[in-house]
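Hi everyone, thanks for making time for this. I'd like to walk you through a structure, so let me put it up on the screen.

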Amino acid sequence: MKKLAFYIAATFLAVTSYAQQAVVYDGARLILGDGSAAIESGAFVVQNGHITAIGRAIAAPAGATRVNLAGKTVMPAMINVHVHIGYEKYTSWGANNYTPENLLDHLQREAFYGTAATQSVGSSPLEASLHFQRDQQAGKFPPASRFLFIPGYAPPNGGPDEVLREATNALHAINEVSTAGEARASIRKMAGVGIKAVKIWVDDRRGTYPKMTPEVYNAMIDEAHKHGMLVHAHATTLADQKAVVWAGADVLVHLVQGQKLDDEYLALLKEKKPYWATVISLGDATAVCEHDPFFEQAMPATVIAKIRATTQRRPLAPSCGPPAPNAAAREAVIQYNFPRMIAAGARIVLGTDTGIEPGHTFGSGEHVEMARWVQLGLTPSQAITAATQRPAELLGLKDMGTLAVSKRADFVVLDANPLDDIRNTRRISSVYLDGAKFDREALLARWKKADAVR
Ligand SMILES: [Zn+2]
């Protein structure tokens, strides 16, 4: 503990002194994150952690340091609106791991892979999360992805899948509501402590779980909107997605994989234009099966070995077995539904569901999710906007999400152009948070060391 405190103080000093002076980054291709054409050989100035000038040609302030990024591409750091942080520890998984140190570890992993803000959805206990957030905003921790969270709601014994359910039970992290009155009272309490959004689970897990009733979620959405709060809704069937969008849910989580969407739903999407966190790629562990070092570098050898040894496919759990018998049919439905959701106006945002079960590393899933979108029809530029500008807009992070004057200098320097191939977002040269270079090498060394001890 003493050692951690020292490390924190030392890092914080280094960061603040570095960030004060103006730095000019020039020569790189700049992808702004807003969907506009990239600026070739552009430049930008960073001072006090913020971008103060950006463009094709800019006037450098006197005495500024210059960083030559010729041949590189710069994009805004990503923003992930949907993870389940705190339970994973790579040697064990569960409520006992939910400590500030472990939250910080997950957020550093997110930063390592280029994510500047990470939102834990539904599974983070209220008091501990508020506390952590205050401490992080007060600068008590070393640099990491910025932590956000939203509380989750389900009927008693409902909500997340059984693995996450068991872990969250121990912390009483899920808010259980049975009636419209309970739902409204709880939302008012959340509004009182400054909560800006909540998550609801509307899912009976193929008849094995109690499902939130329309009476309850209608009341919850209505009460949330009265307090200016947004509602994220987990729903996986066509009927349930239709019902929650109709009821006014602001953010959809998951895509319908078992049924083709109908005209009634597409018309509803056109009218409501909800945000949409697809979280499609979590179950695809093929990167580890294919020995991809981009993913393996953050994974303990024991976890890698376990994934490779797992040949039985199970939803959410990484494995290297043959595809599930229904995989091709499911993929065909996804290929049918995805472009129709987008064409109808669903506003796609980056989310990964990382941490929901053991064996997933934080931060790498973002790159898989973006590549999936492009495979399903988005352009790389659209995928980057959905991973940067749009999640910032959804989360109300006004100073994040794009490369523009007055935004925080949170950006990723890449060795190759992701507009040519979205998989080039994995060619990370460096990551900057608040204008300071994030020490990826130190993290890599720490992971290697931990792995040697294990
Ligand atoms: Zn989730």
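Let's start with Pro 156. If you set aside the neighbours within four places in sequence, Pro 156 touches Glu 176, Val 177, Ser 178 and Pro 210. You'll find Pro 156 in the loop that runs between strand E8 and helix H4, which covers residues 162-171. Pro 156 counts as partly exposed, because its relative accessibility is 32% and the buried class stops under 20%. One distance as well: the C-alpha atoms of Pro 156 and Ala 77 are 38 Å apart, with 79 residues separating the two along the chain.

Before I go on, please keep in mind that this is a predicted model. How confident is the predictor, in terms of average pLDDT for the protein chain? The average is 93, and 95% of the residues score at least 70. The stretch to watch is residues 1-19, where pLDDT stays under 50. For that stretch the model has 21 contacts beyond four places in sequence. Where pLDDT is low, the predicted coordinates should not be read in detail, so I'll leave that part alone.

Now back to the strand I mentioned, E8, which spans residues 146-154. Two of its residues are worth a look. Gly 152 sits in this strand, and Gly 152 is buried, with a relative accessible area of 0%. So who does Gly 152 contact, leaving aside neighbours within four places in sequence? The partners are Gly 122, Ile 174, Asn 175, Lys 199 and Trp 201. Arg 66 is another story: it lies 86 residues from Gly 152 along the chain, and their C-alpha atoms are 46 Å apart.

Ala 154 is in E8 too. Is Ala 154 buried or exposed? Buried, because its relative accessible area is 0%. Beyond its neighbours within four places, Ala 154 is in contact with Gly 159, Ile 174, Asn 175, Glu 176, Val 177, Trp 201 and Met 212. From Ala 154 to Met 299 you'd count 145 residues in sequence, and the C-alpha to C-alpha distance is 32 Å.

On the other side of E8 there's a loop coming from helix H3, residues 126-137, and Phe 141 is found in that loop. Phe 141 has a relative accessible area of 16%, so it counts as buried, since the cut-off is under 20%. Phe 141 and Glu 101 are 40 residues apart along the chain, and their C-alpha atoms are separated by 9.5 Å.

Next up, the metal. Which residues coordinate the zinc ion? They are His 82 and His 84, each through NE2, and Asp 353 through OD, at 2.0 to 2.1 Å. Along the chain the donors follow the spacing H-x1-H-x268-D. His 82 is buried, at 1% relative accessible area, and His 84 is buried too, with 1% relative accessibility.

Let's move on to helices. Two packed helices are described by the angle between their axes and the distance between the axes. Take H6, residues 214-226, and H7, residues 238-247: they pack at about 35°, with axes 9 Å apart. That crossing is right-handed. From H6, Tyr 217, Asn 218 and Ile 221 make the contact, and from H7 it's Ala 243, Val 244 and Ala 247. By class, that gives five nonpolar residues, one polar and no charged.

The second pair is H8, residues 263-272, with H12, residues 327-344. Their axes come within 8 Å and cross at roughly 40°. Here Tyr 265, Leu 266, Leu 269 and Lys 270 in H8 meet Arg 340, Met 341 and Ala 344 in H12. What's the mix of classes in the contact of H8 with H12? Five nonpolar, no polar and two charged.

Last topic: backbone angles. Tyr 90 has a phi near 70°, which is a positive value in a residue other than glycine. Tyr 90 is in the loop between strand E6 (78-83) and helix H2 (100-112), and Tyr 90 is buried, at 7% relative accessible area. Asp 434 has a positive phi as well, near 50°, and isn't glycine either. You can find Asp 434 in the loop between strands E16 (428-433) and E17 (436-437). With a relative accessible area of 32%, Asp 434 is partly exposed.

That's my tour, thanks for listening!

Methods: Residues are numbered from 1 along each chain as its sequence is written. This is a predicted model: local features need pLDDT of at least 70, side-chain atom pairs count only at pLDDT 80 or more; totals for chains, interfaces and linings use all residues. Side-chain values use heavy atoms; hydrogens and water are left out. Donors are N, O and S atoms within 2.8 Å of the metal (3.2 Å for Na, K and Ca); water is not among the atoms, so sites may look incomplete. Buried means under 20% relative accessible area, exposed over 50%, partly exposed in between (1.4 Å probe, protein chains only). Axes are lines fitted to C-alpha atoms, for helices over the stretch in contact, and angles run from 0 to 180 degrees between N-to-C directions. Helices (H or I, at least four residues) and strands (E, at least two) are DSSP runs, numbered from the N terminus. A crossing is left-handed if the near helix is turned anticlockwise from the far one by less than a right angle, and right-handed if clockwise. Contact means heavy atoms within 4.5 Å. Ala, Val, Leu, Ile, Met, Phe, Trp, Tyr, Cys and Pro count as nonpolar, Asp, Glu, Lys and Arg as charged, and the others, Gly among them, as polar. pLDDT is the predictor's confidence in each residue, from 0 to 100.
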